[in-house]
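Please walk me through this structure, starting with one loop and ending with the aromatic rings. I am new to it and would like a plain account.

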Amino acid sequence: MSRRGTALITGVTGQDGAYLARFLLEKGYDVHGIFARRTADTLWRLRFLDIERRVRLIEGDMTDLSSLVRAVKQAEPDEIYNLAAQSFVATSWQQPILTAKVTALGVSNILEAIRLTGQRARFYQASSSEMFGKAREVPQDENTPFHPRSPYGVAKAYGHWLTVNYRESFGLHASSGILFNHESPLRGLEFVTRKVTDAVARIKHGRQRELRLGNIDVRRDWGYAADYVEAMWLMLQQPDGGDYVVATGRNATVREMCEIAFRHVGLDEKEHVVVDPALYRPADVEVLLGHPAKAKKVLGWEARTNLKALITLMVDADMARIAKE
């Protein structure tokens, strides 16, 4: 079932890219990663996992087809994982055109790079539960209609359907993982789980007093990113491409997640969490809950880490980091 060889990961410096790179390296892959040199330190996650020197980095940009063609020619990959995106939902309202260029049209560019080079690589597209948006049913599975509620969700829906189209039009072994929220100590500070765990650590260490959040009654299906990258790999080991919901099958409110985080260090969240209407989204997604039965049946995959274990892990990591500052 396993196809050892060479992998190319877009977005290798992100949370999922770093965990996937480590996972593939442990399986003996030669791992290449595309990264855009936009910030002072883009490689901290690879350094955190102690794999920075083991990933072959290739400069490229999802908005530049020529750079992706060069990357595919250079790496000659057996598997390509497209994880690059403008992935913060709130930012997609502030920068909708950038989100469309990177998160939507970037999928066109990497698929065209595969087609134009003639590389017979298996392809993975990082789809998102945000595509369901104002979901018509609970829980959501591979057949649930999409109704995205943000420019990010719209962009992800474009990339998802384009992947299906290339699979059907050109016979590409292409799969999409419809991943529900997945978190870790490598999550960016702008995401709500990490915003919470970082604040818990700072409050416990006396660095701040309150945590301001928007709607804390929305429900999300949260899993551990390190678990979820295995599902990505398993999709590309199947005889044919397909689409899979990757989730825990359980959800909780942001309020409940905060309770786990604060009480882990002996604090009462009610004394520190402030709901700020200014942080509400223009159009929010109230309930996301994945039904990962297909992933379990076909891939033999299921989530191993529950929400309490995940948030505890993240709080402990942020407590250790803040203590060193």
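**Loops and rings**

Between β5 (122-128) and α6 (151-170) runs a loop, and P139 lies in it. The model shown here is a predicted one. In that loop, the peptide bond joining V138 and P139 is cis, with omega at about 0°.

Two other loops hold residues with a positive phi. The first to consider is the loop between α2 (44-48) and β3 (56-59), which is the place of D50. D50 is not a glycine, yet its phi is positive, at about 60°. D50 has a relative accessibility of 64%, and because exposed means over 50%, D50 counts as exposed.

The next loop connects α3 (65-75) and β4 (79-82), and E76 lies there. E76 is likewise a residue other than glycine with a positive phi, in this case near 45°. Is E76 buried or exposed? With a relative accessible area of 53%, E76 is exposed.

The aromatic rings come next. A pair of aromatic rings is described by two quantities, the distance of the centres and the angle of the planes. When rings of Phe, Tyr and Trp are paired if their centres lie within 6.5 Å, the count comes to 8 aromatic pairs. One pair is formed by Y19 and Y224: the ring centres are 6.1 Å apart and the planes stand at 70°, so this pair is edge-to-face. The cut-off behind that label is an angle over 60 degrees between the planes.

Where in the chain do Y19 and Y224 sit? Y19 belongs to helix α1 (residues 15-26) and Y224 to strand β10 (residues 223-224). The two are 205 residues apart, so that the pair links distant parts of the chain. Buried means under 20% relative accessible area. Y19, at 4% relative accessibility, therefore counts as buried. Y224 has a relative accessible area of 16% and is therefore buried.

Other aromatic residues are grouped together. F132, F146, W161 and F180 make up one aromatic cluster.

Charged side chains also meet rings in this model. R115 lies over the face of F170, and its distance from the ring centre is 5.1 Å. K294 is placed over the face of Y244, at 4.5 Å from the ring centre.

Conventions: Residues numbered from 1 in each chain as written. Predicted model: local features only at pLDDT ≥ 70, side-chain atom pairs only at ≥ 80, totals over all residues. Heavy atoms only, no water. Phe/Tyr/Trp six-rings, centres within 6.5 Å; stacked < 30°, edge-to-face > 60°. Helix = DSSP H or I, 4+ residues; strand = E, 2+ residues; numbered from the N terminus. Buried < 20%, exposed > 50% of the residue type's maximum accessible area, 1.4 Å probe, protein only. Lys NZ or Arg CZ within 6 Å of the ring centre and 35° of its normal.
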